[in-house]
Amino acid sequence: MKIAMIASEVSPFAKTGGLADVLGTLSVVVGRLGHEVCVITPAYRSVLQGNFPVRETAFKLSVAIAGRRQEATVLEASLGKRTPAYLIRADHYFDREFLYGPPAGDYPDNAERFSFFCHAALELLRQWPVEIVHCHDWQAALAIILLKAQPARYAEIAAPKTVFTIHNLGFQGIFRQADWPLLNLDTAFFTPAYLEFFGNINFLKGALLFADKITTVSPSYAREIMSAEQGFGLEGVVRQRAADLVGILNGVDYHQWNPWMDPYLAHHYGETSLTRKGACKEELRRKLGLPDKSDTPIIGMISRLTPQKGFDLVQSIFDVLMQRDVQIVLLGSGAPQYEEFFRSATSRYPDRVAVRIGFDEPLAHRIEAGADLFLMPSLYEPCGLNQMFSLKYGTIPIVRAVGGLKDTVQPYDGVAETGTGFVFKPYNPQALLDVIDQSLTVFRDKRAWTALQRRAMAMDFSWDRSAKRYVDLYRQLVN
Ligand code: ADP
């Protein structure tokens, strides 16, 4: 099959979260399964200034938008050995410091930027027709809407089947009605039966209605988004499409996330050489200026700092947690109130807390290797990747039982000697504190702890199985 994946982030070209990891790997693995895959994504500043081997192509694109014609060129790079990535270059839109906007808020022209991106991607597909168009998240949603709502405009693309993947229903691409002309869509589609959402335009809603199949990134999340609690107002639309919705768990790229061969680590280890994990812990402490208290467990966190990730719970237990014998290492950026909270925590507890605000891939790997526990108390979590990385690194996850966290971490049971992590359910501070206390008790029992680490490290979430499920879905559509 010939498949185009359209997404606003693809690792290694640009990344703010798990979407980029998924695109960078899924596309390559589907290619390896014998299909012809290309990925289409914007050429952001990180691409223009990065060290990626990119080539100019002969493709020239022209899109009518906002009352003028906007031109774009197309750069080509490779993912893996045989998957081309086409990077849409329109510097006016994408040569900016951030992908979506500075921490304080989104760029005001995001409707135009991503409408342009989707139009340009379809212009490219006129010259590279495919059988499956697979779009990811709201930034790529309009490509499906345009194809399905106005197929005659895209006759050359020959009515491909469409798949839409929800990586996070919390981001929908909601814009004012005044932006409607940017979509180049008949106003008949601005009604509650289509893209209208309480008087605004909702890109993601349109893709949910028009896509042939919908996927999301874990089986639990597929169920949860049908509820008012986690549907973000779209639960009715999701339920309407339930027969075409499937949850396929994300995988991990174990070439990048593997303590045996991680290039960012000074010491490599596996299930039978866990003392070298201890050396990674020392190294992490040295790097972050934490005193060496070898028996004290380190709890790691790597995250966007947003309410979604449960940081209000972390804030409310923080001072009580500091009465325990633990050190905290946090890497992240996001909401100013959380950045400020963690910055001030380092001055209040300089020997116990190390915080790095920013995005730092090498440090993320070193935290995964050097920490003993990894904390993800998310309010909601479509899949989550860090808990899966943590398992492989023998860094025991403490998670809330939602979405992909629930699907990937099995609760510890000391009697049966089963489980791979510590799991709590009610979203309240006491429940979080209780589960952390449970983890600290087990940590002190070295025999039980090592057995737990080995069970965690033996878990396998490689992409092959999940990629095959996507391919089965594509097959259902083209046959
Ligand atoms: P989400 O996509 O909701 O942000 P995921 O757990 O699915 O969460 O994926 C997050 C990805 O981004 C992981 O690869 C994680 O390691 C990475 N990441 C998040 N914050 C940072 C950071 N500050 N520095 C480096 N990597 C980060």
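Begin by selecting lysine 2, whose bridge partner in strand S2 is glutamate 36; bear in mind from this first stop onwards that the model is predicted. Widening the selection to the strands themselves shows S1 and S2 pairing in the parallel sense over five bridges. Now colour S1 by accessibility: four of its five residues are buried, so this strand is largely enclosed by the rest of the structure.

From there, extend the view to the whole sheet, which is open, has nine strands with mixed pairing, and follows the order S3-S4-S5-S2-S1-S6-S7-S11-S12. Its edges are strand S3, at residues 55–65, and strand S12, at residues 245–247, each of which pairs on one side only. Looking across the sheet from one strand to the next, you will find a twist that averages 25 degrees.

At the S12 edge, select residues 213–216, which form strand S11; three bridges join S11 to S12, and the two strands run parallel. One pair to display here is threonine 216 with its bridge partner in S12, glycine 247.

Next, add the helices that pack on this sheet. Helix H4, spanning residues 110–127, touches strands S1 (2–6), S2 (36–42), S3, S4 (68–79), S5 (83–89) and S6 (132–136), and its direction makes about 120 degrees with that of S3. Helix H6, at residues 203–210, also packs on the sheet, where it touches strand S7 (161–166) and S11, with a direction about 135 degrees from that of S7.

Keep H6 selected and bring in helix H5, residues 137–149: the axes of these two helices come within 8 Å and cross at roughly 45 degrees, which makes H5 oblique to H6. Their contact can be shown by selecting Trp138, Ala141, Leu142, Ile144, Ile145, Lys148 and Ala149 on H5, together with Phe203, Leu204, Gly206, Ala207 and Phe210 on H6. If you rotate the view to look through the pair, H5 passes H6 in a left-handed crossing.

Another helix pair to select is H10, at residues 311–321, with H15, at residues 429–444, whose axes come within 9 Å and cross at roughly 50 degrees. H10 and H15 are therefore oblique to each other, and their crossing is right-handed. On the H10 side the contact is made by Leu313, Val314, Ser316, Ile317, Val320 and Leu321, while H15 contributes Pro429, Leu432, Leu433 and Ile436.

Then move to strands S13, residues 298–305, and S14, residues 327–334: eight bridges join S13 to S14, and the two run parallel. Within this pair, isoleucine 302 stands opposite leucine 331 of S14. An accessibility colouring of S14 shows a mostly covered strand, with six of its eight residues buried.

For the last stop, select glutamine 387, which lies in helix H13, residues 386–392. Is this residue buried or exposed? With a relative accessibility of 0%, glutamine 387 counts as buried, the cut-off being under 20%. Displaying side chains brings up a polar contact of 3.1 Å between those of glutamine 387 and threonine 408. To complete the surroundings, show Met376, Pro397, Val399, Gly404, Leu405, Thr408 and Val409, which glutamine 387 touches when residues up to four places away in sequence are not counted.

Key
Residues are numbered from 1 along each chain as its sequence is written. This is a predicted model: local features need pLDDT of at least 70, side-chain atom pairs count only at pLDDT 80 or more; totals for chains, interfaces and linings use all residues. Side-chain values use heavy atoms; hydrogens and water are left out. Buried means under 20% relative accessible area, exposed over 50%, partly exposed in between (1.4 Å probe, protein chains only). A polar contact is a pair of N or O atoms within 3.5 Å; within protein, one must be able to donate a hydrogen and the other to accept it, and residues adjacent in sequence count only if both atoms are side-chain atoms. Contact means heavy atoms within 4.5 Å. Two strands pair if DSSP finds at least two bridges between them. Axes are lines fitted to C-alpha atoms, for helices over the stretch in contact, and angles run from 0 to 180 degrees between N-to-C directions. Angles under 35 degrees count as roughly parallel, over 145 as roughly antiparallel, 65 to 115 as roughly perpendicular and the rest as oblique. A crossing is left-handed if the near helix is turned anticlockwise from the far one by less than a right angle, and right-handed if clockwise.
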